[in-house]
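The following explanation begins with a single side-chain interaction and then widens to the whole chain. Please keep the structure in view while reading.

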Amino acid sequence: MKKRNATVAVVGAGDFIGGEIAKKFASEGFTVFVGRRQGEKLAPLIKEIEAADGKVFGRALDARKEDEMVSFLGDADKHAPLEVCVFNIGANVNFPIVETTERVFRKVWEMACYSGFLAGREAARLMLPRGKGNIFFTGATASLRGGSGYAAFASAKFGLRAVAQAMARELGPKNIHVAHLVIDSGVDTEWVRQRRLEALGPNALDDPDLLMPPASVATSYWQLYQQPRSAWTFELEIRPFGEKW
């Protein structure tokens with residue numbers, strides 16, 4: 001494995017997509033900084049990366065707090081130049097509109113939009129003096145359309161997409177690749193499996209091609225990173241071949 005003098009920061013390094021992104025970049029020789037709100041849950045991911053001879057640092061991170069975001073990305077950049085920042089916080093909830101409380105709406109916006117702004121802004125501050133870098137945001141179907149019960153989630157994801165698009169237009173000419181990845185499918189996690197069974201019945205999981213493996217999502221991020229600057233993608237939609245859309 002080629003060791004690189006560069007770091008990758010994953011904001012929202014959960015057990016599935018975020019963790020797989022971290023493992024992929026670590027396997028390619030990057031030092032990976034991973035953060036999630038409950039830092040103790042990073043232990044299995046750190047152990048797996050280190051067992052594969054990767055280098056990783058984990059931290060409890062509340063991405064809604066500006067000082068924590070500044071510190072997290074700053075420490076990554078001090079270790080080695082920050083080359084990639086991945087914002088991967090979801091906050092997917094579903095409530096009928098009259099049951100969507102002020103607290104739910106505000107909290108979802110803070111997690112899925114405001115914290116993305118903080119991550120993108122601070123990554124840009126670190127990358128601009130060097131004139132290069134990559135800032136990638138995880139979106140969802142809700143980034144493109146609102147659905148019944150998704151007023152809070154869709155508005156936050158719409159907002160994150162706007163932040164990413166504005167950043168891409170501003171930073172692209174300065175050699176910083178900003179991309180927004182729309183995951184238009186359920187991802188193969190235990191939580192999604194249970195939700196599908198509850199909503200669609202006992203046969204909901206009969207077709208394995210309707211859920212997207214987290215490692216496949218991570219591969220798409222790696223492909224974005226590898227793109228030449230003469231042909232950068234801003235928005236990439238991915239879905240399993242069996243998904244109707």
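In this predicted model, the side chain of aspartate 184 forms a polar contact with the side chain of arginine 239, at 2.8 Å. Aspartate 184 itself lies in the loop that links strand 6 (176-183) to strand 7 (186-187). Its relative accessible area is 7%, so aspartate 184 counts as buried, the cut-off being under 20%. When residues up to four places away in sequence are left aside, aspartate 184 touches Thr141, Arg145, Ile238, Arg239, Glu243 and Trp245. Arginine 239, the partner in the polar contact, is thus also found in this list of neighbours.

The view may now be extended to the protein chain. Its secondary structure consists of 7 helices and 9 strands. Among contacts between residues at least 6 apart in sequence, 74% connect residues that are at least 24 apart. Of the 245 residues, 44% are classed as buried.

Overall dimensions come next. Along the principal axes, the C-alpha atoms occupy a box of roughly 50 × 40 × 35 Å. The radius of gyration of the protein chain is 18 Å, which agrees with the value near 18 Å for a compact globule of 245 residues.

The surface and the charges complete the description. The protein chain exposes about 12,000 Å², and carbon and sulfur atoms contribute 53% of that area. The chain carries 32 positive and 29 negative charges, and the mean positions of these two sets are 4 Å apart.

Note on methods: Residues are numbered from 1 along each chain as its sequence is written. This is a predicted model: local features need pLDDT of at least 70, side-chain atom pairs count only at pLDDT 80 or more; totals for chains, interfaces and linings use all residues. Side-chain values use heavy atoms; hydrogens and water are left out. Helices (H or I, at least four residues) and strands (E, at least two) are DSSP runs, numbered from the N terminus. Buried means under 20% relative accessible area, exposed over 50%, partly exposed in between (1.4 Å probe, protein chains only). A polar contact is a pair of N or O atoms within 3.5 Å; within protein, one must be able to donate a hydrogen and the other to accept it, and residues adjacent in sequence count only if both atoms are side-chain atoms. Contact means heavy atoms within 4.5 Å. The radius of gyration is taken over C-alpha atoms; the globule rule is 2.2 Å times the number of residues to the power 0.38. Accessible areas come from the Shrake-Rupley method with a 1.4 Å probe; for residues, only the protein chains shown count as cover. Lys and Arg count as positive and Asp and Glu as negative; His and the chain ends are not counted. The place of a charge is taken as NZ of Lys, CZ of Arg, CG of Asp or CD of Glu.
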